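Here is a walk through a two-chain model. Keep the structure open while reading.

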Amino acid sequence: MADPRFESVASVRDELQSVDYLADEGIAGVVYLADRLQKPILVEGPAGTGKTELAKSVARMIGARLIRLQCYEGLDESKALYEWNYKKQLLRIQAQRVVEEGGTGNWTDIEEDIFSNEFLLTRPLLEAIRAEDPVVLLIDEVDRVEVETEALLLEILSDYQVSIPELGTVEATQIPLVFLTSNNTRELSEALKRRCLYLHLDYPTLEREKEIVLTRIPEVSDHLADQIVRIVRSIRSIELKKHPSVSETLDWARTLVLLGIENVDAAQAKDTLHILLKYQSDILKAGKELTVNGAV
Amino acid sequence: MPMVDLLAGFIQELRNAGLPVSLTENLDAMEAVRHIPLDDREAFKYALAATLVKNNSHWKTFETVFEVYFSMRGAHYKITDPNASDEEIEKLVSQMMGEASGGGGLEGMTPEELAEMLYRALQAGDQNTMKAIARQAVQRFSGMEPGRPVGGTYYLYRTLRNLDLDGILERLMEEAKNEAEGGMTDLEERLAKDEYESRVDKLRKEVEAEIRRRLVADRGAEAMAKTLRKPLPEEVDFMHATRDELTMLRRAIYPLTRKLAVRLARKRRHGRKGPLDFRNTVRHSLSYGGVPAEPKFKMPRPSKPEIIVIADISGSVAAFARFTLQFVYAISAQFSKVRSFVFIDGVDEVTRFFEGVDDIQDAIHRINAEADVIWVDGHSDYGHAFETFYERWGKEITKKSTVILLGDARNNYHASQAWVIKAIEQRARHVYWLNPEPKAYWDTGDSIVSEYGAHCDGVFECRNLKQLEKFVEHLG
């Protein structure tokens, strides 16, 4: 078993903080466990709560290369695992023919030859397995692939190996940290969930969100950051189609800083709402609620 | 008890509460806790959660079971309570009150003093004092007696009534308004209110936790875990949902419909392949020197069904009809057309309320206020409603329409007029009946569901979101 990467839960949190990612107890704990148990992490939660960012930050933190597989409908093994470079294979056969000119080339030799590493195109999953240097594998938005395609991932997630019929099994030279993210547009299969540690990322608490704003945007003043996160919390309590995400909070904070606003009043908030909210009906509703005191 | 048994017991409790925990996950949890310092209760909890809970809607159940199961075992297994010890709190209290130092702390205070202190603690957002007050309040007001078989909600209600949180909230707002120079803008007022409300909410949670702790001490963890078991949101019964549960259901319904819409759209796109597309195949054969090596198929374009919902909205089944309508409209893009009708003993079309409306809740309010559904006395009369429906709109049902009837078929012993359903079935593509009652109650008393059901393509029990989702998926 490889040496563990992290000392303790607290050290994970501190190190993540040093790369500007503010983790809470739960996040740090799961990352720590993933390393110790050598298991992938399945990160679920609303859009824009820092799921992808977590993987990137962890990669930065341990100085590893990030290999990313963006999932989409119709993803197949030739895009995710490996593919034979058939053009090169064809050339190889042609070349053989030219050399021997009419002579009967030994077919088995050629066959062994063309199904070798030289003709293999590695795709993200295989690349992560074969990497010599430390890597973090990010399988992004895994809920976008069809249920059947999920099965492609199972072997690599539980045994860290890829079986290639013509070549045999490629085992991992080292166990990479693996993150899977999902926006929860569909239920993932039990088989996949069972192999992963589960982490749900929700909107952060008021205090944590304020810290995030302060770390990410150093120009923002303490007073403004406080106001921003409180207004955002207020908006999240309204029933909307899509609540503002952390990244949208950050965008909004940047905008306010650019506009030179130090103290947000209702009118200014209303004018810049379109940065936080992306549906016209949401903007109207939130604007109304914020100005007319929505007494409950 | 060794750790293995302790965990096994915990997992058993989780399974009893309805969480699916597989053997692998069980083993993972055992492995995980070996890497976690046991005296760190939070880390312990997250380690268990990461390995055992794979669905966010199960988190709350997990948390409750965890709190109860491990609350009484602190001392034995060094899972220490993160709360500061009592003496420390007393010290804090006396510091805060200043004058009352040494006077026995909270116990010696009058209710007025306690209220005053709660007010100050909330104003300052002082967590520790709030915790102490929560404890004191439960001890003083809940009237808990050992062995009394009363649920936790009763104690919670009694405690909170005595604390008068609404009054305090009002006072806090007044005070905040007075303090602000030149008055508060609406926005500031709203923000202040949000802040205080979240503090009050925290206090409420403290009180709940304290009551739970005491109940566990009284009855034992295993017994408590049983009484605290709550159904998962997708399994809450529509007909017997409490107000809180209804709010929870309303929140759960949106993500569920979104998932379903994605699934239906996908199913439509990736369904079976269509017939051979000759032109396209020949065109592609050119790159293979005229050999049709890569046959191309036409994409099928399945027609979207037209949905007609006819819902009983009389008292007992109103919640069910509301959720079903909400569900159907949320994925209306998956259907070519949705029309809806509601009835009690008269029937009215309500499609217009949903048109161009963003917020389905609004539409449902308007239905309740404006739809003309009462004919004589406002008691369900399925027979008359169906007859009127057929007379006025029956011609508009075509071979493309799928008709969904919602109701418990409790007809108050009126004439059933089941021939209408038969006539509808002959015109429509499908007719389905959804009944929110458990199957065991069908055809008891004045329920005549099988008389109607005989003419339907299917009668489904539909008591919770899970069943509803399954049915709607089957439609698309």
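**Where the chains meet**

Start at the interface of this predicted model. Here 31 residues of chain B are in contact with 32 residues of chain A. On chain B, four helices each supply at least two residues of the side that touches chain A: H2 (23-34), H3 (41-52), H11 and H13 (243-269). H11(B) gives the most, with seven residues. What is the chemical make-up of this side of chain B? It divides into 11 nonpolar, six polar and 14 charged residues.

Now zoom in on one helix pair across the interface. Two packed helices are described by the angle between their axes and the distance between the axes. Helix H11 of chain A covers residues 222-236, and helix H11 of chain B covers residues 186-219. They pack at an angle of about 75°, with their axes 10 Å apart. Angles from 65 to 115 degrees count as roughly perpendicular, so H11(A) is roughly perpendicular to H11(B). From H11(A), the contact uses A:Arg230, A:Ile231, A:Arg233 and A:Ser234. From H11(B) come B:Arg190, B:Leu191, B:Asp194 and B:Glu195. Sorted by type, the residues of this contact are two nonpolar, one polar and five charged.

Turn next to chain A. Its domain assignment gives three domains. Domain 1 is written in two segments, 9-73 and 126-200. Domain 2 spans 82-118, and domain 3 spans 206-290. The C-alpha centres of domain 2 and domain 3 of chain A lie 62 Å apart.

Chain A also holds an open sheet of five strands. The order is E2-E5-E8-E1-E9, and the pairing is parallel. Strands E2 (65-70) and E9 (197-200) of chain A stand at the edges. Each has a single partner strand, so one side of each is left without a neighbour in the sheet. Neighbouring strands are turned by 20° against each other on average, direction ignored. Look at one pair inside this sheet. E1 (residues 41-44) and E8 (residues 177-182) of chain A pair in the parallel sense over four bridges. A:Ile41 stands opposite A:Phe179 in E8(A). Helix H2 (residues 25-37) of chain A lies across E1, E8 and E9 of chain A. H2(A) runs at about 165° to E9(A).

Chain B has a sheet too. Six strands form an open sheet in the order E3-E2-E1-E4-E5-E6. How are the strands of this sheet paired? The pairing is mixed. E3 (347-349) and E6 (458-461) of chain B stand at the edges with a single partner strand each, so one side of each lacks a neighbour in the sheet. On average, neighbouring strands are turned by 20° against each other, direction ignored. E1 (residues 306-312) and E4 (residues 401-406) of chain B pair in the parallel sense over six bridges. B:Val309 has B:Ile404 as its bridge partner in E4(B). Helix H15 (residues 318-330) of chain B lies across E1, E2 (337-343), E4 and E5 (430-435) of chain B. H15(B) runs at about 165° to E1(B).

Finally, confidence. The model scores ipTM 0.81 and pTM 0.71. Chain B averages a pLDDT of 77, and 83% of the residues score at least 70. Where in chain B is confidence lowest, and where highest? Helix H5 (residues 74-77) of chain B is lowest, at a mean of 41, and H2(B) is highest, at 89. Over residues 74-85 of chain B, pLDDT stays under 50. Residues 98-104 of chain B also have a pLDDT below 50.

Key: Residues are numbered from 1 along each chain as its sequence is written. Chains are lettered from A and ligands numbered from 1 in the order in which they are written. This is a predicted model: local features need pLDDT of at least 70, side-chain atom pairs count only at pLDDT 80 or more; totals for chains, interfaces and linings use all residues. Axes are lines fitted to C-alpha atoms, for helices over the stretch in contact, and angles run from 0 to 180 degrees between N-to-C directions. Angles under 35 degrees count as roughly parallel, over 145 as roughly antiparallel, 65 to 115 as roughly perpendicular and the rest as oblique. Two residues are in contact if their C-beta atoms, placed from the backbone, lie within 7 Å. Ala, Val, Leu, Ile, Met, Phe, Trp, Tyr, Cys and Pro count as nonpolar, Asp, Glu, Lys and Arg as charged, and the others, Gly among them, as polar. Domain bounds come from an automatic or database domain assignment. Two strands pair if DSSP finds at least two bridges between them. pLDDT is the predictor's confidence in each residue, from 0 to 100.
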